[in-house]
Amino acid sequence: MSRGPARIGEPGEPGEPVEVPFRGLRRNARALGGGLILLLAIAFLLPDLTPPPTQPAAVELLRGEIIEFLPTGADGTGPDVRLLVTAGPRSGETLDGFLQGPSGDEDLPRYKVGDEVVITASQESGGSVITVGDLYRIPVLAVLLGIFALAVTVVGGWRGVRSLIALALTFAVLIKVVVPLILAGRDPVWVAILAATGVTIASFLLTEGFRAQTLAATAGTFASLALVAGLAIMFDELARFTQFRGSEDATFLQAVGLPNIDIGGLLLAG
C-alpha cells in the first residue's frame, strides 16, 4: 500500500526519495547571495584598472536635448540645431551644433524638438565643433532589458534569476576587468582566456551549483578556450599577417591616443 510523502525523520519506502522542505530554497538563496556579493565586489570594490590618458581627449561626449532647429542660412554652412546639455559638468549650457547620425550626414535619425541626444564636442584647431551624434537610447533599451529579465524570470524561475545574475557578472567583468587591462597594454588573448574562464566558473556555480559535473564542465570549457587560442596563435604565425591585420580600428585607436594596443591580439581575443 502506498503512503504519502515521507516527513522529515521518517524513512520512506525503499527507493523513494525523502522530501526535505526548503532545501531548494536555501540552495537558491545561497547561490543568489554569493552571486550578488561577487557582482557588487567587482562593480564597486575593484579599483579602476583603466590607465590614465596620455593626452587630452580629442572628443568629449555629452548628453543633451534638442530645443530648437535653426535656419542654416543661404550658404548652408551654419549650425542647424540648438542644444541644451542636461548631464555632466557642462549641464545647463546651450550649444549650437550640426545634426549628424552614426553614419555622419548620410543617414540622419528622425530628430524632433525634445529628443534626448548624444552630443559630440570635437576639439579642432579652430575651436570646438559641436555635432549631434545620435539619439540617446538608454531609456528605451532599459525598458527592453526589463521585459527580457521579467520573461526569463517567469519562464526559468530561480534558475532564470541565477542566469540573469551570471549575465550581469559577465558584463561587469568585461567593463571593469577586460577592457581596462587591454587598454593598459596587457596581452588580449590571455586576458580573454582568463576572464572567460573566471566568468564560466562563476556562471556554472550560480546556475548549476557546486558538484562534480560543474567542475568537469568548467575544466572542459577552459581546455576548449586554451585550445582555440593556441590554434589561433599558431595559424596567425603561419599565415604571417601584418600587425594591424588590415583593420581600420588601428587608425582609430592611434587617433584617440591608444597606439600601444595589440590589434592582432585583440582580433584573436575576439
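User: Happy to dig into this one with you! In β5, which residue is the bridge partner of Phe98?

Analyst: Good place to start, and keep in mind that this is a predicted model. Strands β3 and β5 (residues 127-135) pair in the parallel sense, over two bridges. In β5, the residue that partners Phe98 is Thr131.

User: How many helices and how many strands does the protein have, and in what order do the elements run?

Analyst: The count comes to six helices and five strands. Reading from the N terminus, the order is α-β-β-β-β-β-α-α-α-α-α.

User: In which sense do β2 and β3 pair, and over how many bridges?

Analyst: These two strands form a hairpin with six residues between them, and Gly88 in the turn has a positive phi of about 95 degrees. Within the pairing, the bridge partner of Val81 in β3 is Gly97. The sense is antiparallel, over four bridges.

User: And β1 with β2: in which sense do they pair, and over how many bridges?

Analyst: You can pick out one position here, since Arg63 has its bridge partner in β2 at Ala87. The β1 and β2 strands pair in the antiparallel sense, and the number of bridges is six.

User: Which residue in β3 does Arg82 stand opposite, and how far apart are the closest N and O atoms of their salt bridge?

Analyst: Arg82 stands opposite Asp96 in β3. The two also form a salt bridge, with the closest N and O atoms 2.8 Å apart. Asp96 lies in β3 (residues 94-99) and Arg82 in β2, so this pair ties together parts that are 14 residues apart in sequence. To restate what you asked for: the residue is Asp96, and the distance is 2.8 Å.

User: With which residue does Glu68 form a salt bridge?

Analyst: The closest N and O atoms of this salt bridge of Glu68 with Arg82 are 3.4 Å apart. Glu68 belongs to β1 (residues 59-69) and Arg82 to β2 (residues 81-87), so the contact ties together parts that are 14 residues apart in sequence. Glu68 is partly exposed at 36% relative accessible area, and Arg82 is partly exposed too, at 27%. The partner of Glu68 is Arg82.

User: In the salt bridge of Asp115 and Lys112, which residue is buried and which is exposed?

Analyst: Their side chains meet at 3.4 Å, N to O. Asp115 has a relative accessibility of 10%, and the cut-off for buried is under 20%, so Asp115 counts as buried. Lys112 has 51%, and exposed means over 50%, so Lys112 is on the exposed side. The buried residue is Asp115, and the exposed one is Lys112.

User: How many salt bridges does a search of the whole structure find, and which residues are joined into one network?

Analyst: The search of the whole structure finds seven. Salt bridges with shared partners make one network, and its residues are Glu60, Arg90 and Glu93.

User: Which residues touch the most other members of the largest nonpolar core?

Analyst: This core has 13 residues. The elements that give two or more residues to it are β1, β2, β3, β4 (116-124) and β5. Apart from it lies another core of eleven residues, including Ile42, Val191, Val199 and Ala202. In the largest core, the residues that touch the most other members are Ile66, Leu83, Val117, Ile119 and Val132.

User: Leaving aside neighbours within four places in sequence, with which residues is Ile66 in contact?

Analyst: Ile66 is one of the residues that touch the most other members of the largest nonpolar core. With neighbours within four places in sequence left aside, its contacts are Val81, Arg82, Leu83, Leu99, Tyr111, Lys112, Val113, Gly114, Asp115 and Val117.

User: How far apart are the end C-alpha atoms of helix α4, and which of its residues are buried?

Analyst: Helix α4 covers residues 212-239, which is 28 residues. At 1.5 Å a residue it should span 40 Å, and the end C-alpha atoms are 40 Å apart, so the two agree. The buried residues in α4 are Thr214, Thr218, Ala229 and Asp236.

User: Finally, what percentage of the residues count as buried, and about how much area does the protein expose?

Analyst: Of the 270 residues, 25% count as buried. Carbon and sulfur atoms supply 65% of the exposed area, which is about 17,800 Å².

Technical notes: Residues are numbered from 1 along each chain as its sequence is written. This is a predicted model: local features need pLDDT of at least 70, side-chain atom pairs count only at pLDDT 80 or more; totals for chains, interfaces and linings use all residues. Side-chain values use heavy atoms; hydrogens and water are left out. The expected span of a helix is 1.5 Å times one less than its number of residues. Buried means under 20% relative accessible area, exposed over 50%, partly exposed in between (1.4 Å probe, protein chains only). A salt bridge is a side-chain nitrogen of Lys or Arg within 4 Å of a carboxyl oxygen of Asp or Glu. Accessible areas come from the Shrake-Rupley method with a 1.4 Å probe; for residues, only the protein chains shown count as cover. Two strands pair if DSSP finds at least two bridges between them. A nonpolar core is a set of buried Ala, Val, Leu, Ile, Met, Phe, Trp, Tyr and Cys residues joined through side-chain atoms within 4.5 Å. Contact means heavy atoms within 4.5 Å.
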